[in-house]
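Dear colleague,

I am handing over the model that is shown below. My notes on what was found in it follow, and I would be glad if you read them beside the coordinates.

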Amino acid sequence: MLCPCGSTLLFNACCQLFITQKQYPSTAEQLMRSRFSAYATKKGQYIFDTYGATPQLKQSVTEIQAWADECLWLALVVHHTTESTVEFSAYYVVDNTLCELREKSNFSLEQGRWRYIDGDITLHNEITFNNGTPTIKRNDICPCNYYSTAWSAKKGKKFKHCCAK
Ligand SMILES: [Zn+2]
Ligand SMILES: [Zn+2]
């Protein structure tokens, strides 16, 4: 399986190494990508564990897991990276509605490990789909076809035979 982060590498040669803690991300962008991949593969514990110590106090694994489970995570697009920030768009489907979450995230090294601190959401929108509606029907072409970084894309397939499976 391809890595959900859109690297075009296999998952087990990319973010899975971090999610299973065989390796630790050496950059903020690697951590950000691995957190997206953890959402996509529904690994709530990893998302919780990679919050910084202070923001972690306001999180719960149960809530993170519920949100990860509720969404189909289609694609990640990284727009801009600095040493400690990553601006990205995450595309996902919830309640058959296609959404884009664009965020500029802040990361920090804590005891030698990159952690997610917080982020400014610059856009959080439903995306108008086929017929001027954000609602995806099961027979529509899967919206992952629009994103070159979609990891589970089956070119030209209907939603019901692709990401909705
Ligand atoms: Zn990856
Ligand atoms: Zn798809």
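The site of the zinc ion (ligand 2) is tetrahedral, with angles of 104 to 117 degrees among its four donor atoms. Please keep in mind while reading that this is a predicted model, and that every value quoted here was computed from it.

The protein donors of this zinc ion (ligand 2) are the SG atoms of Cys142, Cys144, Cys162 and Cys163, which lie 2.3 Å from the metal, and along the chain these donors follow the spacing C-x1-C-x17-C-C. Because cysteine 142 and cysteine 163 both lie in the segment after strand E4 (113-126), the pair ties together parts that are 21 residues apart in sequence. As for accessibility, cysteine 142 counts as buried because its relative accessibility is 0%, and cysteine 163, with a relative accessible area of 10%, is buried as well.

The zinc ion (ligand 1) has as its protein donors Cys3, Cys5, Cys14 and Cys15, each through SG, at 2.2 to 2.3 Å. The spacing of these donors along the chain is C-x1-C-x8-C-C, and the site of ligand 1 is tetrahedral, the angles among its four donor atoms being 102 to 117 degrees. Of these donors, cysteine 5 counts as buried at 1% relative accessibility, while cysteine 14 is buried with a relative accessible area of 11%.

Apart from the metal sites, one acidic residue deserves a paragraph of its own, and it can be introduced with a question: which side chain of opposite charge is nearest to glutamate 100, and how far away is it? The nearest one is that of arginine 102, 5.0 Å away, and glutamate 100, although buried, has no salt bridge; the cut-off that matters for this reading is 4 Å between a side-chain nitrogen of Lys or Arg and a carboxyl oxygen of Asp or Glu.

Glutamate 100 is found in strand E3, which covers residues 97-110. Its side chain makes a polar contact with the side chain of serine 89 at 2.7 Å, and the side chain of glutamate 100 also makes one with the side chain of tyrosine 91, at 3.3 Å. If neighbours within four places in sequence are left aside, the residues in contact with glutamate 100 are Ser89, Ala90, Tyr91, Leu123, His124, Asn125 and Ile127.

With kind regards

Notes:
Residues are numbered from 1 along each chain as its sequence is written. Chains are lettered from A and ligands numbered from 1 in the order in which they are written. This is a predicted model: local features need pLDDT of at least 70, side-chain atom pairs count only at pLDDT 80 or more; totals for chains, interfaces and linings use all residues. Side-chain values use heavy atoms; hydrogens and water are left out. Helices (H or I, at least four residues) and strands (E, at least two) are DSSP runs, numbered from the N terminus. Buried means under 20% relative accessible area, exposed over 50%, partly exposed in between (1.4 Å probe, protein chains only). Lys and Arg count as positive and Asp and Glu as negative; His and the chain ends are not counted. A polar contact is a pair of N or O atoms within 3.5 Å; within protein, one must be able to donate a hydrogen and the other to accept it, and residues adjacent in sequence count only if both atoms are side-chain atoms. Contact means heavy atoms within 4.5 Å. Donors are N, O and S atoms within 2.8 Å of the metal (3.2 Å for Na, K and Ca); water is not among the atoms, so sites may look incomplete. Four donors count as tetrahedral if all angles lie between 85 and 135 degrees; four count as square planar and six as octahedral if opposite donors are over 155 degrees apart and all others between 65 and 115; anything else is irregular.
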